[in-house]
Amino acid sequence: MLNQFMSYLGSNVTPGSANNQLWALIYVLIIFAGVSVAVMAMNWLERKALAHFQIRLGPMRVGPHGLLQPFADALKLMLKEDIIPAEADQFVFWVAPLIGLLASFTVYTVIPFGPSQAVSDMNIGILFMLGVSSLGVLGIVVAGWASNSHYPLIGALRSSAQMVSYEVAMGLAVVSAILMTSMKTGTGTLSMLGIVEAQQEQGIWFIFKFFPLGLIAFVIFAIAMIAETNRAPFDMAEAESELTAGYHTEYSGLRWSLFMLAEYAAMIAVSSIAVTLWLGGWMRPFPNLLHAPAWDFIFSLFPGITFGGLAAIAFIGTARMPAHSFFKVQRIGLAVFAALLGFLALLLLVIAVAGRSADTSLAARFNEGIGYVYWFVLKVAVFMYLFIWYRATWPRYRFDQLMKIGWKVMLPISLGVLMVTAIVGVLVS
Amino acid sequence: MNPAINAGMAPVATPGFFYVLAGLAVASGVAVITRRNAVHAALALIVTLLSVAGLYLMLYAPFVFAVQLFVYAGGIMLLFLFVIMLVNIERSSKERRFNRMWPVALAASCALMVLFLSAFVKGRTLFPDRLMPLPESSNTQQIAGMLYGEAGRMGQYTFAFEIASLLLLVAILGAVIMTKKKI
Amino acid sequence: MSSHTTDSTRNTAKDTTSDVSNRARSHLDLETPEKPYLDSNELIINMGPQHPATHGVLRVILKLDGEKVLGTECVIGYLHRGVEKIAENRTYTMFNPYVDRMDYVAAVSNGLGYCEAVEKLLNVEAPPRAKYIRVILTELNRIASHQLWLGTHALDIGAMTPLFYTFRDREEILKIFERYCGARLTTHAFRIGGCQYETYAGFEKEVKNFLAFFPPKIDEYEALLTTNRIWLERTRNVGVISGADCIALGVTGPVLRASGVKWDLRKAQPYAAYSEFDFEIPIGTNGDTYDRYMVRMVEMRQSLRIIEQAINGMPEGPIMGKVPKVIKPPVGEIYHSIEAPKGELGYFIVSDGSTQPYRLRVRPPSFVNLQALDIMVRGLLVADVVAVIGTLDIVLGEVDR
């Protein structure tokens, strides 16, 4: 075991490729913890951002500026009474959220946070991700059926029909991107790391390649992924003001929170696909144009600066809190949080500075790894913010309009983009 | 004993995984035919398909594994579930099982088993006797070559592939025409 | 369009289709258990009375064929409080606060209609200054009512944000009301014969501030919705009703105007100083939800115009007319209607010479407009029913009284 532990340090391939089970397990645990934290953060961000869009404040009481609200929500949901409808099928009712959760979390094994920061580099990475996401639909259908009430059943069938329809457009957009991976080498690759490395070799993010083909494919994928995850404006199946109340109506407490967990995890997963395929994955901006070591150093300061900015915002929030005894605990809490963020920022800056000179020192490798993960997470975070923005701004599509768009608009456009990309690719090479 | 270490998947605990997956496949296969509730049977079928997909993965066929997930478990079984849920079959699950033909069924399955065993015994030389080290990366490319390559040498199945896709298109059109109220 | 309507609303002119003529039978169908889901026969679904989208306690029984709506039946009366009967046991002055509670969103309009009706019965006219104050407050209330409509309607269709914007801006109007008469919602702003309260110090300044503050806000609402393709797809050609159908059913207000009929009581039968102002009546063309939305948005802007003219030209003078201390109108009857934000609001008062009315009948616009729901939702999908209920802008307090 120790041998396995030590032999992997210093390697620059993923644990899967290095056949190292211990480190693969460690990565899996890290990703699991990270995704759980990300889902909680996303929950908080959604409530705060939505509130700010709507000129209100959002949660402010539970923890300073509502930072502990996700914990309170999780605690509440865990302590809620677990209501199972009388006529429901017990086993299937219990297993349905797990299917969705399984599907949503399994895709994280192939998401590349960096050239060696992935659990495994499957040869068919992107295909695996799309395939396992389609298993998530089964969880929804089964959940709707297990509730033994025909409103959730209708809602579940609609949700799943919507997801299946947009999977087609998604898949075709993905294929357009995969086509572009074969431009330089002559053979394409389905592996997620291979796709990012192809973008690196060709020196261009695929969103800009064969302009505007890459952009159109990206836009189609961006729209389809919103429909895949049942988010606004495609969330008719789970809207509150409609008759059919959605597949998770009969679920209460912890089971419902599992559905929400699966939904947010799926959102992060499909955003990761979009980032990997079109936005260059873990690459920092302009790696070829600005490739001097000075530029490398400047860009490696970004993680530290980001956390420093967050710490500054938290400090300002502390200063602006009313100086009343009611707010004492919140002030202290926010100050501690700001201090933690500041400490993290300092640590990242130190690593960035220390790692700039030597190429193989520990600090340099940390620096690189942190940089890769940082840029990847930053791009995914932009998508998460967009998800929230869409939800705040737009009304909902009616279900038949939704399906019409999926089949009559998305599918022909993505087919067209695919064909034109193929033709252009053949002509260019 | 396992010579297949290359830049890709090296087999890990192969016998263990094989027995687990195969046992799961058999057990859920039995569950498919013994469960009264049709949705339970469909879910058991999904488990069977997933275990078989795992077996494909162990046979160095990752593309087939992914396609099995995507198409079979995620598409076809979903449609099975749609049909089962939308059609009112609670009545039939409460009725007595119509199983008076069980001697005939038993005879048929015994005959099938005899056929499998004789094929295995007689054709033993055709089966490989050890694990074949196939490079993992070749699965997708080889399938692509067979399906899309030049007719003749590489692409043996190009024509058949195109005909099959036309057939599927006809099936889709037929389904749409039969179910639409007005075109 | 003063019509002495009684309360039977089932005998509409368009009752010709077969499943609507089974309306009497649909009562019986309600007792039968719900049919299984996938039959292609009709399915009867009940919406409400507790439902996030029915704007009050309204029960709508939908007859569906799969997803399409074949017909609806509205069951009302969950908010009936016997207001008209109470009126027979109150003096005219005592009854004044009750009218606010009918259409509680546009309480000032209700008060205006009632006070003017009794004034007509008494043959008294409010002095010009009182009329101008009445016009200003009523138009402010029109804007507030339309804002509430816009927020809730957009929320039903799925846009969450306009609700908060409209409610935030509505606060400015409610502040003016509160400073004027002490109440935000059920204002009891006017008295029979004029107004009781003189405009407070700073009224003119605050109203002018509002006039400057509000037009960018309407632009904000329009920026979110008017050209948004999702909004267009949800509202265009949804809930279409023709002008002839509207007139046949007695539908008034923005619904009527959006169907192309140019009828607004402020221009057709002017009351309370409206004849002195210059404003336009927006007319729609298709009679669909989008046109009703646009009509109300333009009406908000036109209300600003009226308020501006009124506040700039406010005459001096008394605010209360010559009204006896004890109001005992002569024997007779009167019907007086005004253009409330939701349509024609009419009061029919029969006086027998005593201090209490013999009969007071209110013609609420929402009650009559609700008849149009059946025609509007024929052939639509279930998800549109919510949008159509929202676009009719009904307030159950007024429907049920």
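1. Starting with chain A of this predicted model: the chain splits into two domains, with domain 1 covering 32-78 and domain 2 made up of 80-283 + 413-428. Taken over C-alpha atoms, the centres of domain 1 and domain 2 of chain A sit 24 Å apart.

2. How many residues of domain 1 of chain A are in contact with domain 2 of chain A? There are 8 of them, and they meet 11 residues of domain 2. On the domain 1 side of that contact, helix H2 (21-53) and helix H3 (69-79) of chain A each contribute at least two residues. As for chemistry, the domain 1 side that touches domain 2 of chain A breaks down into 7 nonpolar residues, 1 charged and no polar.

3. Over to chain C, and strand S7 (residues 343-351). Have a look at how covered S7(C) is: 8 of its 9 residues come out as buried.

4. One partner of S7(C) is strand S6 (residues 332-340) of chain C, and the two run antiparallel, joined by 9 bridges. The connection is a hairpin, with 2 residues between S6(C) and S7(C). If you want a spot to check the register, C:Glu333 is opposite C:Val350 of S7(C).

5. Which way does S7(C) pair with strand S8 (residues 359-363) of chain C? That pairing is antiparallel too, over 5 bridges. Here the residue to click on is C:Ile349, which faces C:Leu360 in S8(C).

6. Putting the chain C points together: S7(C) pairs with S6(C) through 9 bridges and with S8(C) through 5, and the strand itself is mostly covered.

Note on methods: Residues numbered from 1 in each chain as written. Chains lettered and ligands numbered in written order. Predicted model: local features only at pLDDT ≥ 70, side-chain atom pairs only at ≥ 80, totals over all residues. Domains from an automatic or database assignment. Contact = placed C-beta atoms within 7 Å. Helix = DSSP H or I, 4+ residues; strand = E, 2+ residues; numbered from the N terminus. Nonpolar A, V, L, I, M, F, W, Y, C, P; charged D, E, K, R; others polar. Buried ≥ 20, exposed ≤ 12 C-beta atoms within 10 Å, placed from the backbone. Pairing = 2+ DSSP bridges.
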